[in-house]
Amino acid sequence: MNVYAIFADHVRAAVTALQEEGRVPAGLALARVVVEPPRDASNGDLATNAAMVLAKDAGMKPRDLAVLIAGRLEGLPQVTKVEVAGPGFINISLDPAFWPTVLAEVLRKGTAFGASTLGAGEPMNVEYVSANPTGPMHVGHCRGAVFGDAMASLLAFAGYKVTREYYINDAGAQVDVLARSAFLRYREALGEEIGAIPEGLYPGDYLVPVGEALTKEHGPALAALPEADWLPVVKDAAITAMMAMIREDLAALGISFDVFFSERSLTQGEDRVGATIAQLRTSGEVYEGRLPPPKGAPIEDWEDREQILFRSTDFGDDVDRPLVKSDGSYTYFAGDIAYHKDKFDRGFLRMIDVWGADHGGYVKRMQAAVKAVSGGTASLDIELCQLVRLTRNGEPVRMSKRAGSFVTLREVVDEVGRDAVRFMMLFRKNDAPLDFDLGKVIEQSRENPVFYVQYAHARAQSILRNGRVAFPDLPQGREGFADADLARLDDSGEIGLLMRLAAWPRLVEQAATAREPHRVAFFLYELASDFHAQWNKGKDLPHLRFIMENDLGLTMPRLGLVHGVATVLASGLALLGVEAVQEMK
RNA sequence: GCACCCGUAGCUCAGCUGGAUAGAGCGCUGCCCUCCGAAGGCAGAGGUCGCACGUUCGAAUCGUGCCGGGUGCGCCA
């Protein structure tokens, strides 16, 4: 139950009724009408902008219209007062017994409270990570991985049928480099002295086991072959090993995918990239032409030649984009078009790609491609994640020798834990740079939001455990508290918590619509803050404690509130992929 | 040169898709601290929302132009 959505319907119904009575003109656009919690509690429980939004089209003064609408709302159940205020706000006050009914719903539904039908079961493809299979994941991949995963969870909670997908870039020149690097480790495993890893090859020692495995399987046989013969063998083995490693890294972060899609599969057997280009040529989106040399940094070996181009300028891109390289092979973009066409062919009209900010220049052409390939019926949202600056107590973190030149995701997760990494990656808008301090995220203080939110959940569980000590006959599960006399929750802090819980379904929909899982993290922080504050209140004011010795009648609703807070905390943490702990270690 | 992202308190950042007196943490100041669970609590000061026009009942939010920072700019993935 989304209180605000329900009352928005009431307001629209009120306007419709007035229209039928002829007191308000027909044909008003009701979509802009919203019901929100007023910022200031003195303005009631709910507020709507309806009169101000509709006044112009209705040809009426906002306050006059507001009075008419307000008159209609007064008769609604639960409504105790309706006031017109300011430029035309309609402020609605509810029966004090209303907010506890929301808690009763939380207690009955559990973590299903807040789930939305917004997505209406529509298929939604979320592609993220898609790191090259050339080594372990590093911290740079981490943010996109966590962001994509949390957003997929959020969209699923909001009612979409989500598929999580990883595109394996196993077709380009980089995997050839990987193969040559692995071959060197293979010769090393055979006993050969290889010396320093040459420039241009991957130096990380994660390839050592790949070389050893190759000797076990092939003995020295590969070393005698020309590159053209050993390369495919070594490449397959190396990619398989790298993907296994990446899956382990992802598992360490609590991430798994529904689909791993291989770039190579697009050209193995039938040439699906070529087929896609042919299709676009038929529809007029592909042509032969010349491009002007790019502005900015001059390109030394610029060669003006006729090439096969995708007409992305038709969709708002700056220039048309080449699909075939000078050596005749497809560009990465060409493969990506075929890949997104495959998503479309699998029934996805809605797709989301999560990329690093350094790929920002690629957004328009990819969106153009999805439009072209789907005849304009599919849409692609692209969310960019800015860089992460990794520090330890303010100092930049050193590079890892083992991995070659970067800090691996695994090192970070091993040091501070999955929960801290995930929460901090989500405690910032994705399009803003993020400072991640290894020292601060394990601090146990209010400064550290990970701790603060988890502590709130642990504290709630602790209170419930203590409650069962004081009152051994308390219900076991949260449902047993739904029938308590919840209307006794009348302290301002308690009501504030109830209103916060009531805001959860609305926040889910907003965060899902905006593709912004960070809003969930901030919401949880605020809920935790409210909850800690109420607990602290009980320090000075014993009559406000959650557990009232000798007063089961009051303890029951208060423990119901604690259950409700814990439930929503757990629900939100689950979306973020962070554990709702029973106690702090 | 062009495109995209970002400019909000001293610092790090939120700001509910245009609403009422712009919020939080840290830092600063002042009180309190034998509490169901230590890892503190409460309160206060502090902002021309980069600048300027515009859109309208109403702008931190939308548009345009500047200023400042970041990212990217055939045949890399």
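Below is a short exchange about helix packing and RNA contacts in this predicted model.

User: Why is H5 called oblique to H15?

Analyst: Look at the angle. H5 (residues 139-157) and H15 (residues 492-514) pack at about 125°, with their axes 9 Å apart. Roughly perpendicular covers 65 to 115, and roughly antiparallel needs over 145. The angle fits neither, so H5 is oblique to H15. The crossing of H5 past H15 is left-handed.

User: What makes the contact of H5 with H15 nonpolar, polar or charged?

Analyst: Check the residues. H5 brings Leu-154, Leu-155 and Phe-157. H15 brings Trp-504, Val-508, Ala-511 and Ala-512. Leu, Phe, Trp, Val and Ala count as nonpolar. The tally is therefore seven nonpolar, no polar and no charged.

User: Why are H1 and H3 called roughly perpendicular?

Analyst: The axes of H1 (residues 3-20) and H3 (residues 62-73) cross at roughly 110° and come within 9 Å. The range for roughly perpendicular is 65 to 115. The angle falls inside, so the name applies to H1 and H3. H1 passes H3 in a right-handed crossing.

User: Which residues of H1 and H3 meet, and how are they classed?

Analyst: From H1 come His-10, Val-11, Ala-14, Val-15, Ala-17 and Leu-18. They meet Leu-68, Ile-69, Arg-72 and Leu-73 of H3. The contact has eight nonpolar residues, one polar and one charged. Arg counts as charged, so Arg-72 is the charged one.

User: What makes H9 roughly perpendicular to H10?

Analyst: Again, the angle. The axes of H9 (residues 272-282) and H10 (residues 332-345) cross at roughly 85° and come within 9 Å. That value lies in the 65 to 115 range, so H9 is roughly perpendicular to H10. H9 makes the contact with Arg-272, Val-273, Thr-276, Ile-277, Gln-279 and Leu-280. H10 uses Ala-334, Gly-335, Ile-337, Ala-338, Lys-341 and Asp-342. By class, the contact has six nonpolar, three polar and three charged residues.

User: Now the RNA. How many residues surround strand B, and which are the closest?

Analyst: There are 67 residues around RNA strand B. The closest are Glu-303, Ser-462, Asn-466, Gln-510 and Trp-535. Of the RNA strand B atoms within 4 Å of the protein, 59% belong to sugar and phosphate.

User: How do you know that Arg-428, Arg-459 and Arg-506 make polar contacts with RNA strand B?

Analyst: Set each distance against the cut-off: N or O atoms within 3.5 Å. A polar side-chain atom of Arg-428 is 3.0 Å from a sugar or linking oxygen. For Arg-459, a side-chain N or O atom lies 2.9 Å from a phosphate oxygen. For Arg-506, the partner is a base oxygen, at 3.0 Å. Each value is within the limit, so each is a polar contact.

User: Which elements give two or more residues to the surface near RNA strand B?

Analyst: They are helix H2 (50-58), strand S4 (89-94), helix H6 (173-189), helix H14 (449-470), H15 and helix H16 (518-540). H16 gives the largest share, seven residues.

User: What classes of residue make up the surface near RNA strand B?

Analyst: It has 23 nonpolar, 19 polar and 25 charged residues.

Terms used:
Residues numbered from 1 in each chain as written. Chains lettered and ligands numbered in written order. Predicted model: local features only at pLDDT ≥ 70, side-chain atom pairs only at ≥ 80, totals over all residues. Heavy atoms only, no water. Axes fitted to C-alpha atoms, helices over the stretch in contact; angles between N-to-C directions. Helix = DSSP H or I, 4+ residues; strand = E, 2+ residues; numbered from the N terminus. Parallel < 35°, antiparallel > 145°, perpendicular 65-115°, else oblique. Left-handed = near helix turned anticlockwise from the far one by under 90°. Contact = heavy atoms within 4.5 Å. Near = heavy atom within 4 Å. Polar contact = N/O pair within 3.5 Å; in protein donor to acceptor, adjacent residues only side chain to side chain.
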